[in-house]
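Here is a quick tour of the fold, starting with the helices and ending at one residue in the interior. Keep the viewer open while you read.

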Amino acid sequence: MFKKILEKHLIERTIILLIGLYIMSLGIAFSIKASLGTSPISSVPYVTSCISGLSVGETTIIINLVFILTQILLLRKKYNPLQLFQIPALILFGIMIDISGFDKKYHIQQLFSAMGIMFYRNTFSWCWSEYKNYG
């Protein structure tokens, strides 16, 4: 039963995942550019990028890889190898953050601020409603 549902909706779910990742990356990049700060999960990569000179996307990838390795160490035999599909998604997410933060000028700070708030607020509710429809 689960396999049929997964096969039936795989393309739609993948497209929704990619759209959601891109919108979230826009929200993160715009919030940083507008000097609004970041969400708690993005604060560590942001600060690490300020210290190391790496981009926010690169440090997001590195830190989330550390989180996954920690998860594997903590769960050991209970860790489901299917969860390793997080890695391509987080690499894509880090790249999308870097692509979304293309503008180095701060003269449109208010626009970034409004867009960042809008993307943060709407992304999670949209993704959650799509998840409930497939779940």
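A helix here is a DSSP run (H or I) of at least four residues, and helices are numbered from the N terminus. With that in hand, look just past H3: Arg 76 takes a positive phi of about 45° there. Bear in mind that this is a predicted model.

**The overall picture**

The protein has 5 helices and 0 strands, so going by DSSP runs, the elements read α-α-α-α-α from the N terminus on. Of its 135 residues, 29% count as buried. The accessible surface comes to about 9400 Å², and 70% of that belongs to carbon and sulfur atoms. As for contacts between residues at least 6 apart in sequence, 71% join residues at least 24 apart.

**Two helices, checked by length**

For H3 and H4, you can compare the span expected at 1.5 Å a residue with the distance between the end C-alpha atoms.

| Helix | Residues | Expected span | End C-alpha distance |
|---|---|---|---|
| H3 | 20 residues | 28 Å | 28 Å |
| H4 | 15 residues | 21 Å | 21 Å |

The expected span is 1.5 Å times one less than the number of residues, and the two values agree for H3 and likewise for H4.

What is buried along H4? Leu 90, Phe 93, Gly 94, Met 96, Ile 97 and Ser 100 are. Seen down the helix axis, these buried residues of H4 fall within an arc of 160°, so they line one face of the helix. An α-helix has 3.6 residues a turn, so residues three or four places apart point the same way. Over in H3, the buried set is Val 56, Gly 57, Thr 59, Thr 60, Ile 61, Ile 63 and Ile 68.

**The nonpolar core**

Which residues make up the largest nonpolar core? There are 7 in all: Leu 21, Ile 28, Ile 32, Val 56, Phe 93, Met 96 and Ile 97. Helix H1 (2–33) and helix H4 (86–100) each supply at least two of them. Leaving aside neighbours within four places in sequence, Leu 21 is in contact with Ala 89, Leu 92, Phe 93 and Met 96. In soluble globular proteins, nonpolar side chains tend to be buried together.

**A closer look at Thr 60**

Thr 60 sits in helix H3. Is Thr 60 buried or exposed? Its relative accessible area is 6%, and buried means under 20%, so Thr 60 counts as buried. Not counting residues up to four places away in sequence, Thr 60 touches Pro 45, Phe 93 and Ile 97. Thr 60 also lies 8.4 Å from Ile 91, C-alpha to C-alpha, though the pair are 31 residues apart in sequence.

Note on methods. Residues numbered from 1 in each chain as written. Predicted model: local features only at pLDDT ≥ 70, side-chain atom pairs only at ≥ 80, totals over all residues. Heavy atoms only, no water. Helix = DSSP H or I, 4+ residues; strand = E, 2+ residues; numbered from the N terminus. Buried < 20%, exposed > 50% of the residue type's maximum accessible area, 1.4 Å probe, protein only. Contact = heavy atoms within 4.5 Å. Areas by Shrake-Rupley, 256 points an atom, 1.4 Å probe, with all protein chains shown as cover. Core = buried A, V, L, I, M, F, W, Y, C linked by side-chain atoms within 4.5 Å. Arc of directions from axis to C-beta.
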